[in-house]
Amino acid sequence: MIEVEIKAKINEDELENIKKILKDLGFEKKEVKEQVDIYFNGIDRDFAKTDEALRIRKENNLWFITYKGPKIDKISKTREEIEVKIENGYKMEKILEKLGFKKVPPIRKIREIYKKGDIEVSIDNVDGVGLYLELEKTIKDEKEKDTTLNLLMNILKSLNISSDRLERKSYLELLHKRGC
């Protein structure tokens, strides 16, 4: 599966207008949840240099392990994503550490999720980083990427957010950039 994703920095004073426009566009608020992401660096390579990610995510009482491949374009955060639900994140964390993976400090965010069909829009309040808007859609074939990216960019435009506010860095990269 390929996750086509764009992310933009937003401000507190825009939130209510963004939520209103999302509703007008037919998006429904689905849930608000806390997510804690524990990232690991590779044994044989530096994931920051290869643009990959390996993480364990705790979401309420659910756990997931996710691999994200390198971004496949220069505009968005589109990349291969493989995610599996796991029973016990603490044990998985220990397994990865025993294998030599290096844990980095966790990323915590409150995520407000809106959906319309197979498009998900998230408003993320990330500790130490701030507010961001993420738009994403999962596709099966890379041939669908450009059409899907255009669709997401049009939604972003409808939300009165210009493309010069797009952010390709992960929350982990943004946090490190701030020196946290």
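Author: Helices here are DSSP runs of H or I, at least four residues long, numbered from the N terminus. In this predicted model, helix α3 covers residues 89-98 and contains isoleucine 95.

Reader: Is isoleucine 95 buried, exposed or partly exposed, and why?

Author: Buried means under 20% relative accessible area and exposed means over 50%, with partly exposed in between. Isoleucine 95 has a relative accessible area of 46%, so this residue is partly exposed.

Reader: Which residues make a nonpolar surface patch with Ile95?

Author: Ile43 and Leu99 join Ile95 in a nonpolar patch of about 300 Å².

Reader: Turning to pockets, how much space lies in the largest pocket, and which residues are closest to its centre?

Author: The largest pocket holds about 400 Å³ of space. Its lining has 27 residues, and Glu3, Arg55, Arg57, Arg111 and Glu136 are the closest to the centre.

Reader: How do the lining residues of the largest pocket divide by character, and which element gives the largest share?

Author: The lining of the largest pocket has 20 charged, five nonpolar and two polar residues. Strand β2 gives the largest share, five residues. Elements that each supply at least two residues include β1 (2-9), β3 (53-59) and β9 (130-139).

Reader: What lines the second largest pocket?

Author: That pocket, with about 280 Å³ of space, is lined by 17 residues, and Phe47, Ala48, Glu52, Leu172 and Glu173 lie nearest its centre. Two or more lining residues come from each of β2, α2 (47-50), β3 and α5 (171-177). By character, the lining of the second largest pocket divides into eight nonpolar, six charged and three polar residues.

Key. Residues numbered from 1 in each chain as written. Predicted model: local features only at pLDDT ≥ 70, side-chain atom pairs only at ≥ 80, totals over all residues. Heavy atoms only, no water. Patch = residues over 30% accessible without salt bridge, like charges linked within 9 Å, V, L, I, M, F, W, Y side chains within 5 Å. Areas by Shrake-Rupley, 256 points an atom, 1.4 Å probe, with all protein chains shown as cover. Salt bridge = Lys/Arg side-chain N within 4 Å of Asp/Glu carboxyl O. Buried < 20%, exposed > 50% of the residue type's maximum accessible area, 1.4 Å probe, protein only. 1 Å grid on protein atoms, 1.4 Å probe; cavity = no way out; pocket = protein on both sides within 12 Å on 5 of 7 lines; lining within 4 Å. Points joined across faces, edges and corners; volume = space filled by probe spheres on them. Nonpolar A, V, L, I, M, F, W, Y, C, P; charged D, E, K, R; others polar.
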